[in-house]
Structures are given as structure tokens and as C-alpha cells.
Amino acid sequence: MTDPKTETAAPQSKAAASPETPQTPPGAAASGKDSAGGKPAGSCPPPQAGGRPKGLLARLYDLLALFPLLPLTLIYAAQTAFTLDARSLWFSDEIRHGNVYETMVATGQWLVPHLNGIPYPDKPPVYFWFLALLDAIPGVDGPMVFQLGAAVSGLLVLWATYALARVVAGCDKRESFAAGLVLLCGFYFLGVVHYARMDLLFAAVITLAHICMYRGLRLPLAFRWIVPAFALAAVATLVKGPFGLAFPLLAGVAYALWRGMPRRLNRMDVAIGGGIMLATLLAWVGAVWFEGYADLIRNILRHQIVDRATAAWHHEQPWWHYLATFPAAWLPFTLVLPFLPWGRAFSPASMRAVLATRKGEGDGMAYIWLALVTSFALLTAVSIKIVIYLLPLFPLLAVVTARAVLRLNVFGSRLYLGLTAILLFVLALGLGGLSLWQWAPDMVRARFQPQVLAMLDIARGAPILAGITLVFAVLLWKAVDRSRPEGGLLTLAAFVTALIVPAALFTAPSLDPVMSPRAQAELMGQYIRKGYHPVSYKVYSGTYTYYAGANIEELSDEDSLRAAMAVFPQVVVAMRADRFAEWTDKPADLREVHRQWIVDREYVLAERSGPVQPVQPTQPAQPDDAAAPAVTGDQTPAPDAPALPQPAPGDAGNGTAPATPAAPQPVLPGLQPATPETPAVPLPGPQPQDNTPATPQPVPVPTPPPPPPGVSATDTPTAPAPPTAQAQ
């Protein structure tokens, strides 16, 4: 153990040394009160407004900032509470995670997520445990649990952002309230809140880990902060992946180096905290391994971690990807960048304030900046890049942005809010044009791609959204005192709240026929319940399973597709429309029954009806020549019937050999997952987008005998099928 006194680079003030005292921001006075108004040192002075008294919105802001968490929570509730059960689950993550969760509930297999009946290596299980807790609430059922999971996770992010501003940045209530408003006004953040993924819960846990890491590293020894920091990093990792431990650990190391106390990382609390983190992760890995899913662990380590980081099979982007996409993701606050005092930021006084953070003055903001820089650098370095990966940085960015906005001078505040009003006016014009889309001439429609036309033709609620946006654009330009950013923040929060409710209640549900595979999947489920064998060909894994109510055989090569068509007399198959049109040797009696755009691709559902003619067995010889009864998909396969390719024992996800397929049973939505006791199937490799083949996954179904010599599958009579369903 080293002497704690040797860890600090210079003597610290009493306020900076105590973790219970809010930290002074860079450039603020070191004393507990400033000389102007007796406010805490961490508070930010209001923008200069030429000596004029505060307007109504500025006074309302100060009133709400007395109890900031209450109005922040109420605003967030207004943005989400009425939209929890408004639409279907959308492609691709919502429907996939919906199937994973229902499989867990149905099988009781809570350690290993399964998608379409096979182990799902993409995501750990903690997010689905979180959904199970919400599912226990009376009245929460069906797709509502997934939207509620997103809403509650977003609320946790909001609260964690407020705590980050207060505890780490040393902000007063006014600044912390502004940080929460920045988050609630973000267009991208509100979109993610209304799309069910685990990223919001991931961001909330990481933010809490940052808070604990900072508080702990400031003290010579702090078990009560360091141990929770490492434990939260482990939980975040089991929510989504290794970024959960990488972000807070990198920030902690960078902070210790910046403060000139690298030996702080050698203390007993860090060792014990790191041990608890590793023990937590290894406990899950060991439990999964001893459950018989050794190949799943290998898949996670090799494909989901190493390959994603070094050579991603999808979403691989150049190093500058986030520099190009971040400005759009952080609207409307990206617009404030030109109006910041950049000259003053690089002045000698500012540089001295930055260096003072090494001695403990305002080192909370130093930690936030170090966390931002290290996290962004890591995201830029890895091969796979998706905008939503930036979400754990949003609480950090909200604190930085709130401080910058509240410190704008009169001129900068006027320009920023004026530019934001212009942005809203342009958005209102776009929504107004969408309102007139149904009368668009053919020469205009011809300029758009078919997938865009499919979405524009069904979008509803555009006139309402256009009207709301136009009203707030005028208010922000004419009625709001743009010299005071507090009023602008409240106006933006009111705008986003007024916009998101009709968008979630009317516009989003109207997009279901394009954004959700529900229509096609439910029709496939009807055929499955009539005894048809379900097949999807080169479709993103898990697309149909949730709404079809049964596992789907997912094929990725033409030979497997031909084998399935030859073996099963009654089959329903889904594939992309272009591949269906290019399928030159498809059976003549295979008919299209449904066509639907799913996001940016058009998909076809086709079926073939009718039993195969009876087979006269020749090997071995039978004692009599009686004609065999016709074999249908509901009967037991003959001993010499050809079978689809089965995986070798070593390729099975649970390490066991496949068992004999069982006869199909009636299915209910989400109640046909596999368990470790069911027949083993190949472990899926990397999950690509739908334009990349997925691993074939045989489904336990009966295998009828082949047709007799001279009779092909296309010669069999067709039976009546369910009526054709048209995409809406």
C-alpha cells in the first residue's frame, strides 16, 4: 500500500478534497460563494440581458428549477405515458427481442437467450430479466412490455443525467435542470425512447458507473464508491456488451493519469472492485458453459467481440463515420456550436483553469470531458459503427451542452434560438408537403424510390405535426425572449412534447404495414397452423417468428431450398421479392399469396398446397402389395424418407447430437422456442443484415416420403389455401 498523501500532484482546497462537496467548474471561483450573488460556486450566472427584468418564461424556469427532478419527470411522462401500446413491434430489433423474451418466459431458460429456437449470441440476458420485472406489473401485457421497458430505461437515463450534473460536474439546480431539458429536447433521444432496445438501460447503468468511479477515485480509499462502480460496469456488460466495462474503466484510468495519481489504481478497493466485476461476468459465462452451451461462449468471444471490433461483417464504417452522423443525432443543440465563445475557450485564462483541474479545482468537468474523449475514441477505433452506439455519451454531452447554452451571451443566445426557429420552420414546410402527398403528380412520385413511396403513401398525421411545428417556430421567433436561453429551453421542451404524442399515437401506427413484418408473419402463422412447413430464404434471422407464433426454418442456399420444396408437400416460404422473381426453377404450383414492403425491401410470401402421391416401397420388400395411404404433413415420415441436412454433433449449440424430429403441435405466439432438451441445431454465426445469408436452421417437422418415379412434386394436385392477403 502506498501513502495516500503522495497521490495528489499539489495541495487541494478543503472543498475539492471532500467528495461530499459539489465540485467547482473550471474557471469558477474556488470559494463556496461567488462574489456577485452569494450563489454556489458551481452555479452559472444568467445570460446578460441588457439590464432588462426577467420575462415570464425565465421566471418560470427559476421556479421549476427549485425542484428540478419533479418537472423533468412530469415532462418525460407526458412524452411517453400515452404511447406505450400504440403500434406493432417493428423490424428488426423489436421483433427479434420480442421473440427472445417470450422464449425465455415460455421455457424458463433465463441464462441463455434464444432466437427462433436457437441460442442467440448477439445480446446477454440482463435486459430481458429487466423486462420480466416490468411484465409482473398488473395490466402490462403483450408488446406493451417492450415499449414500457424503453420508457422506464429512458427515465433512468434522465435521472442519471441529473445525478451526473449534480454529483460529478458540481452544477447547481438550474444547470442540472438544463441538462435534463437538453436530453428531453433531443430529437434522436426521443426517437430511441419510443423504440424498444436495451441501449437506454445500457446508457443509464454506464452513467451510474461513471458517477461512482469519479467519486471513488477522488478519495485515497473508497470501497463504497469503487466497488459499486465495477459492479455496475459488470451489469452494463451483461445488458449489452463489453462497452459497458470499457467506457467507465477507460474514463477512470484517464482521470487518474490526468490528476497525476496513477498509483491510485493499485489500491485495495480497485482490486476488490475489479475482482467482483470479473467474478460476476465469469459466473454467467461459467453457468452458460456448464448448461451445455460451450459453442455459444466461443461464438460470443470470437464473432460478437473480436470480429465486431476488428472486421465487422455488417455496419462496418470508416473512422470518420461518427463525425459525420453526430451533428444530426444531437439536433437541435448542434446548432449552438457556431455561437460559442471559441476565442475565449483557448485564452490563457481558460488554459490555466483547465490545468487547475489537475489539482482538484473543478475536476468533475475534467472527468466528464475525459470520459467523452476516451469513449468517442474507442467507438471510432472499432470496426462496427452505428449511431445508437453513441447513446451512452448522451448524458455526458447533455451536461456539457447545458452549461454552454446557459452561458451564451445575449448575441449568441439570440442567434442560436433564431436559427432553431428557422429549423422548425423548415421542418414544418416538409411536414406540410407530406400532408399534400396524396395529390402529388406522377412526375413527382417518379423521383422517389419504391420503398419511400410505400411509406409516404400510408403516413398519417402529417397535417397535425406540421401545424404544431409551425406554431412553435413562430413562438420561438416572435414570442420568446431569445436573449435568455432558459425560456428557449422550456419552449423546445414544450414543442418536443407536443410533437411526439401525436407522432407516436397516429403517425407511427400508420407506418406498421411497412415498418413491421406483422401482416406477413401472421399470415404465415395461419398456414403453419394448417400444417404447412414454414421456410424463410435469405431473410434476416427472427423476422417472422414472433408474429408467426412458431419457429421458422431459415435457409441460406438454393440447394437447401430445393430440398425443402422436394420434401414437404405443403410449404409456405418467405423471401425477398427480387429473389422470388429470379428463382428460375421454382415449383409451378408455388403461388404468391402476399407481398409487403418491410422497411427498405419488398418481401413475398408464397405457398404450395396438396399432398404428395403415395409411395410403393421397394427397399425393404413388404409382405403384401396393398396400396399405402397418402402421406401428408401431419403424418409420421416413412423410414426411407429423405431428410434435410442435420448438423454434426460437434456443431450443435449445446454440444449434443440432434434428436429425431417430433410431430408438430398447435402453436401459440411465442410458445415454440427450443430448450436445452430439444433437438440440437447449428450454432448461428454472425448475424448479418437481410441481404446476407443466414445460417440454415432445421425445424422439427415430419418428413414425408418422396414422390414415386416419374411423378414430381409439381404434378400433385393443389388444395384450397387461405385467401390471399394484401399488404396494406
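**Exercise 1. Salt bridges**

Find how many salt bridges the whole structure holds, then work out where three of them sit and how covered their partners are.

*Solution.* A search of the whole structure turns up 23 salt bridges. Keep in mind that this is a predicted model.

Step 1: Start with Asp-363 and Arg-259, whose side chains meet at 2.7 Å, N to O. This pair ties together distant parts of the chain: Asp-363 belongs to helix α17 (residues 363-381), while Arg-259 sits in the loop between α11 (243-258) and α12 (268-290), 104 residues apart. Both Asp-363 and Arg-259 are buried.

Step 2: Now take Asp-199 and Arg-197, which form a salt bridge at 2.4 Å, N to O. Asp-199 and Arg-197 are both buried.

Step 3: Look at Asp-578 and Arg-576, bridged at 2.7 Å, N to O. To sort these two, use the cut-offs: buried is under 20% relative accessible area, and exposed is over 50%. Asp-578 has 35%, so it is partly exposed. Arg-576 has 10%, so it counts as buried. As for networks, salt bridges with shared partners link Asp-93, Arg-197, Asp-199 and Lys-240 into one.

**Exercise 2. A greasy patch**

Work out which helices build the nonpolar surface patch, and which of them gives the most.

*Solution.* Step 1: List the members: Leu-419, Ile-422, Phe-425, Val-426, Leu-429, Leu-470, Val-474 and Trp-477, which together make a patch of about 710 Å².

Step 2: Assign them to helices. α19 (410-435) and α22 (462-479) each supply at least two residues. α19 gives the most, with five.

Step 3: Check one member. Leu-419 is in α19, and its relative accessibility is 31%, so it counts as partly exposed.

**Exercise 3. Helix α18**

Compare the expected span of helix α18 with the distance between its end C-alpha atoms, then decide how covered the helix is.

*Solution.* Step 1: α18 (residues 394-406) has 13 residues, and at 1.5 Å a residue it should span 18 Å. The expected span uses one less than the number of residues.

Step 2: The end C-alpha atoms are 18 Å apart, which agrees.

Step 3: Twelve of the 13 residues are buried, so the helix is mostly covered. Among the buried ones are Phe-394, Leu-397, Val-400, Arg-403 and Leu-406.

**Exercise 4. Odd backbone spots**

Find the cis peptide bonds at Ser-92 and Pro-332, and the positive phi values at Asn-116 and His-315.

*Solution.* Step 1: Recall the usual case: most residues other than glycine have a negative phi, and most peptide bonds are trans.

Step 2: Phe-91 and Ser-92 are joined by a cis bond with omega about -5 degrees; Ser-92 lies in the loop between α3 (69-80) and α4 (93-107). The bond from Leu-331 to Pro-332 is also cis, omega near 5 degrees, and Pro-332 is in the loop between α14 (321-329) and α15 (342-345).

Step 3: Asn-116 has phi of about 55 degrees, in the loop between β1 (114-115) and β2 (118-119). At 4% relative accessibility, Asn-116 is buried. His-315 has phi near 60 degrees and is partly exposed at 28%.

**Exercise 5. How far to trust it**

Say where confidence is lowest and where it is highest.

*Solution.* Step 1: The chain averages a pLDDT of 81, with 76% of residues scoring at least 70.

Step 2: Helix α1 (residues 14-17) is lowest, at a mean of 38, and helix α9 (residues 199-217) is highest, at 98.

Step 3: pLDDT stays under 50 over residues 1-50 and over residues 612-728. Where pLDDT is low, don't read the predicted coordinates in detail.

Notes. Residues are numbered from 1 along each chain as its sequence is written. This is a predicted model: local features need pLDDT of at least 70, side-chain atom pairs count only at pLDDT 80 or more; totals for chains, interfaces and linings use all residues. Side-chain values use heavy atoms; hydrogens and water are left out. Patches are made of residues with over 30% relative accessible area and no salt bridge: like charges are joined within 9 Å, nonpolar side chains (Val, Leu, Ile, Met, Phe, Trp, Tyr) within 5 Å. Accessible areas come from the Shrake-Rupley method with a 1.4 Å probe; for residues, only the protein chains shown count as cover. A salt bridge is a side-chain nitrogen of Lys or Arg within 4 Å of a carboxyl oxygen of Asp or Glu. Helices (H or I, at least four residues) and strands (E, at least two) are DSSP runs, numbered from the N terminus. Buried means under 20% relative accessible area, exposed over 50%, partly exposed in between (1.4 Å probe, protein chains only). pLDDT is the predictor's confidence in each residue, from 0 to 100. Contact means heavy atoms within 4.5 Å.
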